[in-house]
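Visitor: I would like to learn how to read strand pairing, burial and pockets in a model. Where should we begin?

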Amino acid sequence: MPAEARVIVYQAAYDEQQLAAVRSAYHQVSERMAGVPGLLGNELLRSPADPTALAVMSRWESMAAFLAWEGGADHRQDTAPLRPFRDTRTAAPFAVYEVDAAY
């Protein structure tokens, strides 16, 4: 059975106006992606240690499901509202993981 996958995209908001814009963009992207095959859900996360650091973590039923969506024509359009808020302080703008163990 294929392992679930997690995708983390790093975002940044440096003031309350940008934070509101990130939240709005997150909701737009979530609405656009509702019903994408294999997408189990997503969350907008904010670091308590650095309130300017945010991340969107999506849960996928498998790596194959994520890669199918990522390789599709709608990928860039679906996520466009969040793109201006990518955190450029990170070495990579996103990370992809497969679940190795879970309870």
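Guide: Begin with pairing: two strands count as paired if DSSP finds at least two bridges between them. The model here is predicted. In it, A12 stands opposite A53 in β3.

Visitor: How many bridges join β1 to β3, and in which sense do they run?

Guide: Eight bridges join them, and the two strands run antiparallel.

Visitor: What is the pairing between β1 and β4?

Guide: β1 and β4 also pair in the antiparallel sense, over five bridges. I8 has A95 in β4 as its bridge partner. β1 thus has listed pairings with β3 and with β4.

Visitor: And how does β2 pair with β3?

Guide: Their pairing is antiparallel, over seven bridges. One example is N42, whose bridge partner in β3 is S58. The link from β2 to β3 is a hairpin through six residues.

Visitor: Let us turn to burial. How many residues of β1 are buried?

Guide: Seven of the eight residues in β1 are buried, and the strand is mostly covered.

Visitor: Is D87 buried or exposed?

Guide: A residue is called buried when its relative accessible area is under 20%. D87 has 6% relative accessibility and therefore counts as buried. This residue is found in the loop between α3 and β4, the latter spanning 94–98.

Visitor: Which residues is D87 in contact with, leaving aside its neighbours within four places in sequence?

Guide: With those neighbours left aside, the contacts of D87 are Y10, Q11, A12 and Y14. The side chain of D87 also makes a polar contact of 2.8 Å with the side chain of R89.

Visitor: Now the pockets. How is empty space found?

Guide: A probe the size of a water molecule is rolled over the atoms, and this shows where empty space is left. In this model the largest pocket holds about 400 Å³ of space. It is lined by 23 residues, and V9, W69, H75, T79 and R86 are the closest to its centre.

Visitor: Which elements give two or more residues to the lining of the largest pocket?

Guide: They are β1 (5–12), α1 (16–33), β2 (39–46), β3 (53–60), α2 (63–70) and α3 (75–79). α1 gives the most, with four residues.

Visitor: What is the lining of the largest pocket by class?

Guide: The lining has 13 nonpolar residues, six polar and four charged.

Notes: Residues are numbered from 1 along each chain as its sequence is written. This is a predicted model: local features need pLDDT of at least 70, side-chain atom pairs count only at pLDDT 80 or more; totals for chains, interfaces and linings use all residues. Side-chain values use heavy atoms; hydrogens and water are left out. On a 1 Å grid over the protein atoms alone, a cavity is a set of points where a 1.4 Å probe fits but cannot get out, and a pocket is an open set with protein on both sides within 12 Å along at least five of seven lines; lining residues have an atom within 4 Å of a point. Grid points are joined across faces, edges and corners, and a volume is the space filled by probe spheres set on the points. Ala, Val, Leu, Ile, Met, Phe, Trp, Tyr, Cys and Pro count as nonpolar, Asp, Glu, Lys and Arg as charged, and the others, Gly among them, as polar. Buried means under 20% relative accessible area, exposed over 50%, partly exposed in between (1.4 Å probe, protein chains only). A polar contact is a pair of N or O atoms within 3.5 Å; within protein, one must be able to donate a hydrogen and the other to accept it, and residues adjacent in sequence count only if both atoms are side-chain atoms. Contact means heavy atoms within 4.5 Å.
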